[in-house]
Structures are given as C-alpha cells and as structure tokens.
Amino acid sequence: MRSTTSLAIRAGLCWLWCAALLDQPFQVLAATSAAADAMTLNPSDGEAVRVAQLNAVAALFQHYTPNVFGTFGRPLDMWGESALIWTSIVEYLRTANDIMVLDTFRDALGSASFDEMGDFLGGDLADLERSMNGKTNDKLVLWALVASRGANIFGVATQVASQSATFQEIAVGTWTQLLSGWRNTTCKGGIVTDPSDTSRNATKSSTTNAGFMALSAQLYAMTGNTTYKEWADGTYNWMAETGLITSAFEVYAGLTAECAVQRAQWSAPAGLLMTSLATLYQATTLDPYVGQLTALLSASLGRFTTNANTIANIAVLGDDQQGRSVEPQGFTRPGVLYETLCDFGMDCAHERWGKGVFVQGLADAYRMAPNATYRPSVAKAFGASLAGMMPTCEASWNCSYIWTGKASKPYDLNDQYQTVQLLNAIKLVLQNSDGQGFNGIPAGQPSPSPPVSPTESASVPTSTLPPGDGSNDSNDPPDSSQTQTTTTTTTVVRASTIPIIGGVGGGANGETGDLSSSGGVDSIRHFCRPDRLCCTLGVLVILWCSALAVI
C-alpha cells in the first residue's frame with residue numbers, strides 16, 4: 001500500500017507538469033525586486049549594450065509560450081501587438097547571433113502563417129480568420145512587415161521554418177491580400193481597415209496604409225519590381241491628397257466612412273512613413289525621398305519629444321485602462337520620446353504600443369540614410385530616452401515604457417517590448433556611427449530643424465496619374481474620377497504610372513509572383529495542431545492528478 005507521502009509527491013510533480021503544459025502567459029509581467037542602486041547603462045559601451053539587449057529579450061521570452069497563433073499573451077488577444085514584439089526580436093537578431101531566439105522566432109512565424117501555407121489568413125479560412133479572430137488589415141500589415149524584415153535580414157530564399165514558405169513568399173502573398181482591400185469607391189482610394197465588418201468597411205486607418213507603403217517599399221528594395229515602388233508612391237500621394245499627411249507633415253489617424261479626417265495624431269503612422277521613405281531612398285538614392293523624410297522626421301521629433309514648449313505637469317489621477325496605478329507625472333526630462341497622452345495614463349489600449357513603431361522608424365531612417373543631416377537629432381533622442389528609461393529598470397531588465405517621468409507599475413508586455421526596441425536602437429546607432437557612438441552628442445533635448453516646406457527641400461518631380469478604368473473595383477490604383485496633376489507645391493513624390501495589379505485576392509497569381517494561392521485547404525487543419533492535442537491530454541492528466549491527490 002502506497003504511503004500518503006509518496007502519493008502527495010507524485011501528485012505534486014504531476015500538477016507541475018500539467019501546469020507547464022497548459023501555461024498561458026499573463027499579459028502583466030511579474031515584477032521583481034528593484035535593484036538596490038539605480039540601473040545604469042553607458043550607451044557608448046557596445047558590450048554593455050549587447051548584454052542589456054540579451055537580458056531584456058530573455059525577460060520578454062519568459063512570458064512567451066509557443067502556440068498555434070505565434071502570439072505573446074493569451075492567443076489572439078494580442079495578435080497585432082505580437083507582430084510588433086516579433087519586429088523587435090527580428091531587429092535584435094539583425095546584430096545578435098542568438099540561435100535559440102532565432103529558432104523560436106522562426107517556429108512562431110511558421111505557426112502564425114499556417115506552416116506550409118505561408119498565409120497569415122489561412123487560405124480558404126481568410127473570411128473566418130478576419131471575422132472571428134479579429135485579423136484586420138491594420139494588424140495583418142504588421143505581420144507582413146515582420147516577414148519582409150525577416151527576408152531582408154535572413155535572405156529572401158530562407159524558409160521561415162522547416163517545410164514552410166520563405167520570408168519573401170509570405171510577405172508577397174500578404175501584400176496581395178492587403179491590396180485586395182484597396183477601395184476606389186470611397187475616398188478615392190486607400191485600404192480599408194476591416195473588410196469583414198460592413199459598418200467599418202470604408203474606414204481607412206493611417207496605420208494600415210502607411211504600413212502598406214512600407215511593405216511595398218521593402219518588397220521593391222528586395223526584388224527590384226517597380227510595381228511595388230509605384231504602389232508605395234501612390235499610397236503616399238493618396239494619404240497627402242486626402243489630408244492624412246499635411247503640408248506641416250502632421251500625420252492623422254485615419255478617414256471615417258464619410259472621408260472625414262480623424263485628427264488624432266499618434267506616433268506609429270509617422271514611424272511607418274519614415275521606414276517607407278528611408279527604404280525608398282536607400283533603394284533609389286533619389287533626393288525627393290530624403291527631402292520628404294527629413295521634413296517628416298523633423299516635424300515628428302518636434303511633436304513626439306519633450307521640449308521647452310511642452311506644457312509641464314500634465315497629470316492624470318486614478319487608474320489607467322490596464323488597472324495600473326497612475327500618479328501625477330510631468331515632462332521631467334527634456335528631449336525624450338513620448339506618446340502624446342498615453343504616457344500620462346490616458347486610456348490607450350492599442351495606441352500606447354505605437355511609440356515602439358516610431359522608434360523603429362527613427363532607427364530605419366538613421367540606418368538607411370547615412371549622410372542625412374538629421375542623424376544627430378535622432379541619436380540625441382535615443383540617448384535622452386535611454387536616460388529617462390534607466391531609473392525605471394529593475395535588475396531583470398523589466399523597464400517602463402514611460403520615459404518622461406515616474407513610471408506606472410506593474411510593467412506589462414508593452415513595457416518590455418518598448419525596452420527591447422530602444423536598446424535595439426541604441427545598438428544600431430553604435431554600429432552605424434563610424435565608431436563615434438554617443439560620444440560628443442550634447443546632453444539635453446534634441447533640436448530638430450523646423451518642418452521644411454516641400455519647395456525648400458528637394459525638388460519634387462511633377463507627373464500625372466492616369467484615371468482609373470471606371471470599374472471602381474478594389475484592384476484599381478490610387479486614382480480619382482479625373483486626372484490629377486501635381487504642382488510644385490505638392491507635399492509628395494508622385495509616381496509616373498501606377499498600373500492595375502491583376503489576380504488580387506482571388507487566388508490567381510499576379511505579375512508580382514504571388515505565391516499565396518492555395519486551394520483545397522482543410523478548414524479544420526489549423527485547429528488540429530499537436531499542441532492543441534497536448535492541451536486536451538493535459539486536462540485529462542490534471543483530472544487524474546486530482547484523483548490521485550485525494551486517494
């Protein structure tokens with residue numbers, strides 16, 4: 001007869017094994033005890049920055065459990081946000097030889113893209129994935145950018161995972177899916193945010209369209225196919241013509257179904273536009289791109305960094321949307337990157353993630369335009385932000401995403417993601433500054449030049465967009481009912497031609513080499529993965545363990 005002690009030990013071990021099987025990470029990171037002394041990091045010490053990156057990424061992965069959706073947090077609750085986290089991991093791998101992280105990333109992206117299908121929407125399951133799992137275009141484009149960055153860093157012919165599509169194939173296929181959301185029937189163009197929701201079918205966010213421009217630019221840079229460049233140019237033109245980008249380089253949130261501009265300004269669309277323009281400049285070396293980039297970046301730094309003109313002591317009392325305690329905070333540090341209102345406790349469930357996208361856009365602009373005059377301002381913003389972040393960091397490298405003053409706790413995945421993004425940016429400056437790093441950069445706030453008007457920057461070529469074919473289907477290029485001609489006062493670079501792409505969204509391959517067509521998909525394949533079987537078995541084992549414990 002087995003002893004009670006033996007049974008208790010066996011039941012306890014069984015419970016631990018079951019808990020590991022079924023563990024789903026919570027969004028809130030477990031706080032560790034703060035270090036006795038404030039954390040410090042010299043941004044010009046390459047080895048110290050490398051170690052900090054390693055530890056911050058390790059802290060992030062403590063809260064990732066492999067799953068069929070490839071997401072952090074609870075599956076599908078953070079689908080779009082998870083794409084941003086993976087972007088930070090890809091950029092970490094740009095400079096880090098971390099095989100374990102690389103393998104985890106590739107497995108996750110393979111799961112997210114339905115393995116051998118290479119399709120984030122699951123082929124024939126696309127409508128179901130959009131409507132039931134919330135895979136809207138503003139989130140889908142972020143996943144596409146993860147794949148395109150992967151192709152840029154690891155190689156266009158590199159498979160995401162064993163027996164799966166390549167990074168480039170996934171990016172191309174998703175580009176085609178996004179293009180199928182282009183609607184000339186409302187607002188003279190633009191990609192809709194949510195094709196599955198008729199009430200929002202005409203709503204067009206700047207994140208979706210700026211992200212599509214970035215994806216098009218990256219695909220052009222890696223393939224040389226001018227179709228991608230023409231769509232990148234045309235999307236930028238459309239955003240300017242509709243008022244989403246103004247002559248002062250303000251970037252607004254989106255368009256309503258009635259084509260009214262939603263005038264909130266978040267940093268993420270500006271970051272995506274900087275990535276787009278930097279990529280096009282690197283690929284073409286054309287002055288208009290760096291002229292537009294310089295003006296946009298200068299205006300954006302003025303808008304999203306603290307400076308002498310910022311009203312001090314903006315305070316919010318109470319709890320924020322995540323239930324975190326928020327205390328009165330002000331702009332206590334000059335020159336620091338911040339997300340308007342979100343950093344001060346306002347309800348920003350998704351917008352507060354945008355600062356990481358902005359950091360990435362600044363980093364791309366720094367890396368891809370080595371002779372640009374704005375580089376010292378970018379480096380100063382990164383350095384000031386790091387100085388603001390370090391007092392919030394715990395010994396385990398859990399840090400706050402609020403770098404302007406006192407942080408809010410407990411920290412969550414957004415905090416950790418933004419920590420990794422900023423450390424990545426610091427490392428990038430070190431590797432792209434001719435060994436100078438942050439040495440010689442004056443302390444204090446960056447002083448970007450005022451917004452440059454288009455006529456004061458690089459000359460902008462004039463051209464004419466051809467009218468559409470009149471059908472107003474989703475495959476028509478950016479267009480209006482009449483021919484549109486730019487003038488010398490335009491704020492954008494116009495494409496000379498923007499051809500209609502065939503085979504969009506219907507499974508037919510277009511001239512871009514779309515590999516997303518896949519017929520005869522088993523509609524339940526994605527829901528019969530081995531790890532789901534493990535979960536089922538885990539529940540049964542837990543019941544068995546419970547029975548053992550009471551015998």
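This is a short dialogue on reading disulfides and buried residues in a predicted model.

Me: How many disulfides does the structure hold?

Reply: Let's start with the general idea: a disulfide is a covalent bond between the sulfur atoms of two cysteines. Here the structure holds three.

Me: Which parts of the chain does the pair Cys187 and Cys259 link?

Reply: In this disulfide the sulfur atoms are 2.2 Å apart. The pair links distant parts of the chain, 72 residues apart: Cys187 sits in the loop between helix H7 and strand S1, and Cys259 in the loop between strand S2 and strand S3.

Me: Is Cys187 buried or exposed?

Reply: Buried means under 20% relative accessible area, so Cys187, at 11%, counts as buried. Its partner Cys259, with 33%, is partly exposed.

Me: Why is the disulfide of Cys393 and Cys399 right-handed or left-handed?

Reply: Look at the torsion about the S-S bond: for Cys393 and Cys399 it is about 110 degrees, so this disulfide is right-handed. For Cys342 and Cys348 the torsion is about -100 degrees, so that disulfide is left-handed.

Me: What does Met389 touch?

Reply: Among its contacts beyond four places in sequence are Cys399, Trp397 and Trp403. Met389 is also one of the residues with the most contacts inside the largest nonpolar core, which has 124 residues. The largest share of this core, 10 residues, comes from helix H14.

Me: Where does Leu273 lie, and is Leu273 buried or exposed?

Reply: Leu273 lies in helix H10. With 0% relative accessibility, Leu273 counts as buried. Including only residues beyond four places in sequence, Leu273 touches Ala210, Met213, Tyr236, Met239, Ile245, Val251 and Leu296.

Key:
Residues are numbered from 1 along each chain as its sequence is written. This is a predicted model: local features need pLDDT of at least 70, side-chain atom pairs count only at pLDDT 80 or more; totals for chains, interfaces and linings use all residues. Side-chain values use heavy atoms; hydrogens and water are left out. Helices (H or I, at least four residues) and strands (E, at least two) are DSSP runs, numbered from the N terminus. Buried means under 20% relative accessible area, exposed over 50%, partly exposed in between (1.4 Å probe, protein chains only). Contact means heavy atoms within 4.5 Å. A nonpolar core is a set of buried Ala, Val, Leu, Ile, Met, Phe, Trp, Tyr and Cys residues joined through side-chain atoms within 4.5 Å. A disulfide is a pair of cysteine sulfur atoms within 2.5 Å.
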